[in-house]
Amino acid sequence: MNLIGSKMIETERLILRSSKMEEQKRLWEILMIPEVNKWYLVGAKKYANDPSHWTWEVQEKFYKSKVDKADNNDVFVWSVFLKPEYTNSGNEEVIGQISAQENGEDITIRDVGWYIDPNYQGKGYATEASKAMINYMFKKVEINAIFSSAVKDNIASCRIFDKLRFDKIGEVIEKSPYTFYDGLLTFSKYELTRDDYLNNENKRI
Ligand SMILES: CC(C)(COP(=O)(O)OP(=O)(O)OC[C@H]1O[C@@H](n2cnc3c(N)ncnc32)[C@H](O)[C@@H]1OP(=O)(O)O)[C@@H](O)C(=O)NCCC(=O)NCCS
């Protein structure tokens, strides 16, 4: 594995960059939208009954500490920017985040996560970003595998795993620390190994 950090990745419509403080407040705003944090918000359950925890005044310090580590070579998290020609404003905009976090002790096995501003969902941006990110992780960073999961009812996220040709390896029913929802949820579990990725590259989107 090559610990080369979150180098810039450019696609047709997007630029993926390591996190900087400039865009963090907008990312916080996106994460505070219920249709986004319904499925994904780190630390959600712990502070589910404490709205004061989620204010920018409190959150800013967490975002700062994340940005302080963003350029470390063992961090793989990108802010997703939309090129100006595709934004509503005509200026480059941050529209989400994508990551390939550690997934246990073996750092060559990663978990992936993503969210996109609802104003820009349904246009293929998460697919475009995730496709480029996993290519970087398998070919440049040379990880061995991605093990990840999404709530089965989260159709868009499950669809991305299918489109990227992950193997669906099962379902588990458990509580999620990443949502405010307090009950049990059914998660679809996905796996993609390096060999599978490299051997079937020509069949991928
Ligand atoms: C999951 C998420 C990142 C997808 O972002 P996106 O940019 O809209 O995704 P894409 O446009 O690339 O679409 C991916 C697929 O999902 C489908 N899709 C998108 N939104 C959908 C919706 N609301 N309902 C059903 N399908 C949907 C798309 O049609 C596409 O499939 P297709 O190519 O077969 O048509 C976005 O919905 C999101 O931020 N959700 C909240 C956070 C989240 O769930 N994170 C992941 C936790 S596991």
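I began with Asp68, which I located in helix α3, the helix spanning residues 56-69. The model I am working from is a predicted one, and I keep that in mind for every entry below. I looked up how covered Asp68 is and noted it as exposed, because its relative accessibility is 64% and the cut-off for exposed is over 50%. I then took the C-alpha to C-alpha distance from Asp68 to Lys131 and found 26 Å in space, for a pair that stands 63 residues apart in sequence.

Next entry: the ligand and its surroundings. I found 23 residues around the ligand, and I wrote down Gly122, Gly124, Thr127, Arg159 and Lys163 as the closest. Sorting the shell by class, I obtained twelve nonpolar residues, seven polar ones and four charged ones.

Polar atoms facing the ligand came after that. For Gln121, I found a polar side-chain atom at 3.4 Å from an oxygen atom of the ligand. For Lys123 the backbone is what I recorded, since one of its polar backbone atoms is 3.2 Å from a ligand oxygen. For Lys163, which I had already listed among the closest residues, a polar side-chain atom lies 2.5 Å from an oxygen atom of the ligand. I followed this with the cover on the ligand, which has 930 Å² of accessible area on its own, and of this the protein covers 74%.

Which elements give two or more residues to the shell around the ligand? I listed α2 (34-37), β5 (109-116), α4 (125-139), β6 (145-151) and α5 (155-163). The largest share comes from α5, with six residues.

Staying with helix α5, I looked up Asp162, which lies in it. I put Asp162 down as partly exposed, because its relative accessible area of 39% falls between the limits of 20% and 50%. From Asp162 I went across to Glu23, 139 residues away along the chain, and the C-alpha atoms of the two are separated by 30 Å.

Then the loop between β5 and α4, where I found Asp117. Is Asp117 buried or exposed? I counted Asp117 as buried, because its relative accessibility is 2% and the limit for buried is under 20%. The side chain of Asp117 reaches the backbone nitrogen of Asn119 at 2.9 Å.

A separate entry is for backbone angles. Most residues other than glycine have a negative phi, and I wanted the exceptions on record. Glu142, in the loop between α4 and β6, is not a glycine and yet has a positive phi of about 60 degrees. Its relative accessibility is 33%, so I entered Glu142 as partly exposed. Arg165 is found in the loop between α5 and β7 (167-174), and I read its phi as near 65 degrees, again a positive value in a residue other than glycine. At 38% relative accessibility I entered Arg165 as partly exposed too.

My last entry concerns the surface. I noted a nonpolar patch formed by Met1, Leu3 and Ile107, which together have about 220 Å² of accessible area. Of these I followed up Ile107, which lies in the loop between β4 (93-102) and β5. Ile107 has a relative accessible area of 31% and is therefore partly exposed, and I added that this value passes the cut-off of over 30% that a patch residue needs.

Notes: Residues are numbered from 1 along each chain as its sequence is written. This is a predicted model: local features need pLDDT of at least 70, side-chain atom pairs count only at pLDDT 80 or more; totals for chains, interfaces and linings use all residues. Side-chain values use heavy atoms; hydrogens and water are left out. A residue is near a molecule or strand if one of its heavy atoms lies within 4 Å of it. A polar contact is a pair of N or O atoms within 3.5 Å; within protein, one must be able to donate a hydrogen and the other to accept it, and residues adjacent in sequence count only if both atoms are side-chain atoms. Accessible areas come from the Shrake-Rupley method with a 1.4 Å probe; for residues, only the protein chains shown count as cover. Helices (H or I, at least four residues) and strands (E, at least two) are DSSP runs, numbered from the N terminus. Ala, Val, Leu, Ile, Met, Phe, Trp, Tyr, Cys and Pro count as nonpolar, Asp, Glu, Lys and Arg as charged, and the others, Gly among them, as polar. Patches are made of residues with over 30% relative accessible area and no salt bridge: like charges are joined within 9 Å, nonpolar side chains (Val, Leu, Ile, Met, Phe, Trp, Tyr) within 5 Å. A salt bridge is a side-chain nitrogen of Lys or Arg within 4 Å of a carboxyl oxygen of Asp or Glu. Buried means under 20% relative accessible area, exposed over 50%, partly exposed in between (1.4 Å probe, protein chains only).
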